[in-house]
Amino acid sequence: MNQTAPSAEVVAAATARGYWSTVLARLSRDKLTVTCALILLGVLLMAICAPLLAPYDPFKGSILKRLLPIGSPGYFLGTDELGRDMLSRLIFGARLSLVMGIAPVLNALVIGATLGVIAGFLGGRINTLIMRTIDVFYAFPSVLLAVAISGALGAGIFNAMVALTIVFIPPIARVTESVTTQVRGLDFVEAARASGANNFTLIRVHVLGNVLGPVFIYATSLISVSMILASGLSFLGLGTKPPEPEWGLMLNTLRTAIYLNPGVAALPGAMIFMVSICFNLMSDGLRAAMDVTQ
Amino acid sequence: MFFYFIKRLFLVIPIAISVTVVCFSLVYLAPGDPLSAILPSDASQELIDRLKQEYGLDKPIPVQYAIWLGKAVQGDLGTSIATGRPVTSELGRAISNTLILALFGSLIGFSLGVIFGTVAGYRQGTWLDKCVTAVAVAGVSVPHYWLGMVLVILFSVTWNVLPAMGAGPGGDWVWDLEHLQHVVLPAITISVIPTAIVTRTVRALVADILGREFVTALRAKGLTDFGVFWHVVKNAAPTSLAVMGVQLGYLMGGSILVETVFSWPGSGFLLNTAIFQRDIPLLQGTILVLALFFVTLNLVVDLVQTGIDPRIRRA
Amino acid sequence: MSTTPRALLEVRELRKHFGLKSGIFSKGAGTVHAVDDVSFSVQAGETLGIVGESGCGKSTTARLLMRLIEPDAGRVLLDGRGIGEPGAQGLSVRDARRQMQMVFQDSFASLNPRLTIEDSIAFAPIVHGLSSRQAKSRARDLLAKVGLAPERFAARYPHELSGGQRQRINIARALALEPKIVILDEAVSALDKSVEAQVLNLLLDLKTELGLTYLFISHDLNVVRYMSDRVMVMYLGKVAEIGPVDAIYGRTAHPYTSALLSAMPSMDPARRTQQPPLIGDPPSPIDPPPGCRFRTRCPYAEDVCGERDPVLAAEGGGHYVACQMKKAGSGHSAAPAPIASPPPL
């Protein structure tokens, strides 16, 4: 797909509107990416407008209505082990699940990209210091690192997000460092340096614009992993605490119900799966669209 | 070549030392006193002091680290606060159970990945290729702990053909049918990510090799399809095996979620117990052993790969 | 005011060695003698051509002059003031860069793909304190000067332009600080021949119009001859020969220069194949042995060439050559006889 020469239309669009418009134009023709983006937008809107959309209070249950199956009258997606409406809990669950999945990647993007740009641009001993420190974290498989840190810090949303941030800083820093090292060696950075600009200006004007794109794409591909890990931590009991609605935690508390009401028990995981796969596909689409070779 | 091996070995030492530092520091990440978990809230100061002395917590931190490391090197990872048994004996059983699970998972992941990847690489652009790509994307996007639950719902609850919990009678691995039945579902669950990653790798490798000029030349010389296939295998095998080797490491360290779903008595399950009982020596020991296993495995994979194919000499 | 014209740019014994590292056990697996004690000067308003095969240190010299890499030794004087030296006799690197600019070979890589043409040209003036509006107006003036209509090109991105257009942009960018000296590092080498001619003529026009001084680096001897007043031939980090363009092309003194010239495609059949062409690539510049560096490929090499480093000796008329064959009494069989010195007592 990337190898084909850009159509006249694309070139014309580029002439008129520049790089980002070209990317948008390409994206809009990629049906799969557009579908994923729309689904994610839908989930985001659902999370924001949860109080308006949810038919019931997600915290209030009824002993009499425990574990109603999917399609019960009044309870479209059934009820959970405490008789709370599943639909409402899934809608509200989007809030914490999205925040816990996305926020660590954003935090790690800020910290990791800063470290990576510094290491890549300055090189030398500073590079060695930063990158060797980061190598240490590569000695731990990501799940183990996340569990170890949040386990040591203790259960809780904030601690889980701290743990996930620490998990994602090393890969982002590594990618940023390698892209920055490449960009730093390009002639236009030399030319800008030759015009007397200081490091800060060089980074701001010439390095960031060329580094952040690829790093951002890489970070979007991590959101999928982050969603799974964040919900995984909640599933282990290390993230959110009951009775908060969060998909991973819901999966955990419904685990005992798989014999009684398997359909309902599997629902929260299906949500995680859907969001995660959409982020993955959207990241692939973005990568293809932003790859303007020429 | 020899010097590269030596160099690689030396580069691992600082990493291994850093790993021990990180594992040791985990104690100080934890809020409050490491002893707070086992002490009653109304413990007298005298009792606290005596326990601190007993666990060596009254000494300066670097000294504590040195003592801990010195013992760890001799195979003594301390005593589990919760059970009172040595951490190493708790770990031994758990690690071997996890290893069994990870090996089965790798076997499934590698076999499926190689089959899917080869088929897709040979049939690029067809619906078959697209299906395989979709499976690969789904494989890395699926929350595998959820997939485990779904498998339990299908195979244990609905059809009742496979057990849902544990490693079988006795809790230890034995080569018999009953234990094999127990390992089926967790192994399939844990194999999803390696299947997806091996598929992607093999597909890219096969497509790349088939597209290269030497294959065209071989075909032109009248080589049979099987002959071409043999060349593909020879060229794709080192990288595929290396990818799988690294994945085995991830399975060992990342099995905690799957082990929790299936109550598999492995290291992840132990880790879970250690966290919730705030059993710091057990937590430290488990993470240390798993991380060192991961580092060693990566080293071995790197060295073996370099041995097979000296062109790949990573810095 | 001194009566002898002071050189605008004077380079004294400039040196850059790159240490090769291989791993943690063997620090310093060798040293690349990229630029080794190179000295030359450039008068205001002239064009000095620098020629040599790839790896001879041409580009490293350019980058050393711009202080894009730090020299190991030597001085560079701009208008008599030492670049990067402290005090009133020194000149800060930043100020030096204001007076000396550079055009790179790869027209695409030397433009930031994320910036419009106008922003790329305006960058340097903004760095040196112009307001954004002033800088953009200067950028548009420069676009017109290099023959690109500002209203059509200012808002475009590099990937939308042809190689020749991009190189014009790079020239405009180099001129944006109103420098005295422009270093053209293989600036036309990547262009098609027809486009190359246009850009060369543009460079000549700009030189007259703006009173510029050029350092014209190229491996193409025809182009260098067309552009330069004087020519410097480099071989493995050393100056082999330097002199007025007529002397270098007409009264060639160094075997290396002769070999280069004989390998040069010529329109004149009579000039072809007078000399055996150079065989193979230049030897590695890593830890070169003592003596003349060209001797491994030189048809006239004798023992003396391996024993002593040749030094630049005057041939008259500002023509200097580093070759034992031209040095009186060097011991080379082709060298002129030593000037008779009075016998001791």
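**Two helix pairs and one chain contact**

Colleague: H9(B) passes H10(B) in a right-handed crossing. What makes it right-handed?

Modeller: The near helix is turned clockwise from the far one by less than a right angle (anticlockwise would be left-handed). Mind you, this is a predicted model, where local features need pLDDT of at least 70, side-chain atom pairs count only at pLDDT 80 or more, and totals for chains, interfaces and linings use all residues. Residues are numbered from 1 along each chain as its sequence is written, with chains lettered from A and ligands numbered from 1 in written order.

Colleague: Why are H9(B) and H10(B) called roughly antiparallel?

Modeller: Helix H9 (residues 213-220) and helix H10 (residues 225-254) of chain B cross at roughly 155°, their axes coming within 10 Å. Over 145 degrees counts as roughly antiparallel (under 35 is roughly parallel, 65 to 115 roughly perpendicular, the rest oblique), so H9(B) is roughly antiparallel to H10(B).

Colleague: Which residues of H9(B) and H10(B) meet?

Modeller: B:Val215, B:Leu218 and B:Arg219 of H9(B) meet B:Gly227, B:Val228 and B:His231 of H10(B), contact being C-beta atoms, placed from the backbone, within 7 Å. By class that contact has three nonpolar, two polar and one charged residues; Asp, Glu, Lys and Arg are charged, Ala, Val, Leu, Ile, Met, Phe, Trp, Tyr, Cys and Pro nonpolar, and the others, Gly among them, polar.

Colleague: How do H10(A) and H12(A) run, parallel or antiparallel?

Modeller: Helix H10 (residues 199-236) and helix H12 (residues 262-290) of chain A pack at about 170°, axes 9 Å apart. They are therefore roughly antiparallel. Their contact divides into 10 nonpolar, eight polar and one charged residues. Among the residues that meet are A:Gly213 and A:Ile217 in H10(A), and A:Phe279 and A:Met290 in H12(A).

Colleague: How many helices and strands does chain A have?

Modeller: Chain A has 12 helices and zero strands, counted as DSSP runs (H or I, at least four residues; E, at least two). Of its 294 residues, 50% are buried, meaning 20 or more other C-beta atoms lie within 10 Å of the residue's own (exposed is 12 or fewer, partly exposed in between). Its C-alpha trace spans about 75 × 50 × 30 Å along the principal axes.

Colleague: And how many residues does the contact take from chain C and from chain A?

Modeller: Chain C gives 25 residues and chain A gives 21. Helix H2 (93-99), strand S7 (100-103) and helix H3 (117-127) of chain C each supply at least two residues of the chain C side. That side has 12 nonpolar, five polar and eight charged residues.

Terms used. Contact = placed C-beta atoms within 7 Å. Axes fitted to C-alpha atoms, helices over the stretch in contact; angles between N-to-C directions.
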